[in-house]
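This report walks through one model, beginning with its metal site and moving on to ring pairs, a helix and a lysine. Please keep the coordinates open while reading.

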Amino acid sequence: MSPQENVRFAAVGDIHCTKESGGSLRGLFAQAAQMADALLLCGDLTDYGLPEETEVLVEELSAARVPVVAVLGNHDYESGREEDVCRILHEAGVRVLDGEACEIHGVGIAGVKGFAGGFGRRTLGAWGEKTIKQFVNEAIQEALKLESALAKLRTSERIALMHYSPIEATVQGEPVEIFSFLGTSRLEDPLLRYPVSAVLHGHAHRGSPEGRTANNIPVYNVAKPLLQRTYPERPPFRIIEVPKSVPETG
Ligand SMILES: [Fe+2]
Ligand SMILES: [Fe+2]
């Protein structure tokens, strides 16, 4: 840990590990572990959500000798094998959060995949056909999961980890027609009730790297293709530094 008693997190999303990725991610993970106390993965860990891809990923992750915390992304659900993906990650020591929370060096991490639905006044409402109501309900359930994860944390410093974006600013750069499929303001609501130090997400590969919630919390889009394009001189992850948490009393 850094001498200032800060905790350093390396964050990246949208690794999209394939069966052919063996050997190509080790360097990235080893470098992240050298520069940070823990690694945070913001979903789309695999390309098709296959167990074989996950096996490749955990082999690559063995190069990172620091705690790893992850959420799944939509790609990790593609083959209907998300339970196997989670199990393989779990057996390799990766904490996969799906509406749960954990603590790393005294910093609380709340994680959820999230969902789509649009932003602000354009957020899709639960109205009309049953299918639309089911779609909106999925976003509401993900927001509730995030809220309950945040509510469990008693640490003074917290990080919210998700795949979909809670704000419009970090999907800017994508075609406007798909904004509503890249995240939803419904994920921002819990962050207004339970403020965090930083929000990390992925999914919007062509979005923007930084934005802020309505209560001024920094939001970082750490999709790997976006980081590589925006900061070609840097390693493809973002370092977040958070003061070491002091346990709350009372
Ligand atoms: Fe992705
Ligand atoms: Fe995605």
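Donors are taken to be N, O and S atoms within 2.8 Å of the metal, and water is not among the atoms, so sites may look incomplete. The model described here is predicted. With that cut-off, Asp44 bridges the iron ion (ligand 1) and the iron ion (ligand 2), and these two ions lie 3.4 Å apart.

## The two iron ions

The table sets out the protein donors of each ion.

| Ion | Protein donors | Distances | Angles between donors |
|---|---|---|---|
| iron ion (ligand 1) | Asp14 (OD), His16 (NE2), Asp44 (OD), His205 (NE2) | 2.0 to 2.2 Å | 86 to 170 degrees |
| iron ion (ligand 2) | Asp44 (OD), Asn74 (OD1), His163 (NE2), His203 (ND1) | 2.1 to 2.3 Å | 88 to 154 degrees |

Which arrangement do the four donor atoms around the iron ion (ligand 1) make? Their angles run from 86 to 170 degrees, and the arrangement is therefore irregular. In sequence, the donor residues of this ion are spaced D-x1-H-x27-D-x160-H. Two of these residues come from distant parts of the chain, as His16 sits in the loop between β1 (6–12) and α1 (26–35), while Asp44 sits in the loop between β2 (38–42) and α2 (51–61), 28 residues apart. His16 and Asp44 are both buried.

For the iron ion (ligand 2), the four donor atoms subtend angles of 88 to 154 degrees, which again makes the arrangement irregular. Along the chain its donors follow the spacing D-x29-N-x88-H-x39-H. Here Asp44, in the loop between β2 and α2, is linked with His203, which belongs to the loop between β8 (198–201) and β9 (210–212), so that the pair joins distant parts of the chain, 159 residues apart. Asp44 counts as buried because its relative accessibility is 1%, under the cut-off of 20%. His203, with a relative accessible area of 12%, is buried as well.

## Aromatic rings and charges over ring faces

The structure holds two aromatic pairs. In one of them, Phe115 and Phe135 are tilted, with 5.0 Å from centre to centre and 55 degrees between the planes. Because Phe115 lies in the loop between β6 (107–112) and α4 (130–152) whereas Phe135 lies in helix α4, this pair ties together parts that are 20 residues apart in sequence. Phe115 counts as buried at 16% relative accessibility, while Phe135, with a relative accessible area of 28%, is partly exposed.

The other pair, Phe115 and Tyr164, is also tilted, at 6.0 Å centre to centre and with 55 degrees between the planes. Tyr164 lies in the loop between β7 (158–162) and α5 (189–193) and Phe115 in the loop between β6 and α4, so this pair ties together parts that are 49 residues apart in sequence. Both of these residues, Phe115 and Tyr164, are buried. Taken with the pair described before, the ring pairs link Phe115, Phe135 and Tyr164 into a cluster.

Which residues lie over the faces of Tyr77 and Tyr231? Lys113 lies over the face of Tyr77, at 5.5 Å from the ring centre, and Arg234 lies over the face of Tyr231, at 3.8 Å from the ring centre.

## Helix α2 and its cover

Helix α2 is mostly covered, since eight of its eleven residues are buried. The buried residues in α2 are Pro51, Glu53, Thr54, Val56, Leu57, Val58, Glu60 and Leu61. What covers these buried residues includes α1, β2, β3 (68–71) and α3 (82–91).

## Lys145 in helix α4

Lys145 is found in helix α4. Is this lysine buried or exposed? Lys145 is partly exposed, with a relative accessible area of 25%. Its side chain is joined to that of Glu142 by a polar contact of 2.7 Å. An α-helix has 3.6 residues a turn, so residues three or four places apart point the same way. Once neighbours within four places in sequence are left aside, Lys145 is in contact with Asp98, Gly99 and Val112. Lys145 and Glu100, though 45 residues apart in sequence, are 7.6 Å apart in space, taken C-alpha to C-alpha.

Technical notes: Residues numbered from 1 in each chain as written. Chains lettered and ligands numbered in written order. Predicted model: local features only at pLDDT ≥ 70, side-chain atom pairs only at ≥ 80, totals over all residues. Heavy atoms only, no water. Phe/Tyr/Trp six-rings, centres within 6.5 Å; stacked < 30°, edge-to-face > 60°. Helix = DSSP H or I, 4+ residues; strand = E, 2+ residues; numbered from the N terminus. Buried < 20%, exposed > 50% of the residue type's maximum accessible area, 1.4 Å probe, protein only. Lys NZ or Arg CZ within 6 Å of the ring centre and 35° of its normal. Donors = N, O, S within 2.8 Å, 3.2 Å for Na, K, Ca; no water. Tetrahedral: all angles 85-135°; square planar, octahedral: opposite > 155°, others 65-115°. Contact = heavy atoms within 4.5 Å. Polar contact = N/O pair within 3.5 Å; in protein donor to acceptor, adjacent residues only side chain to side chain.
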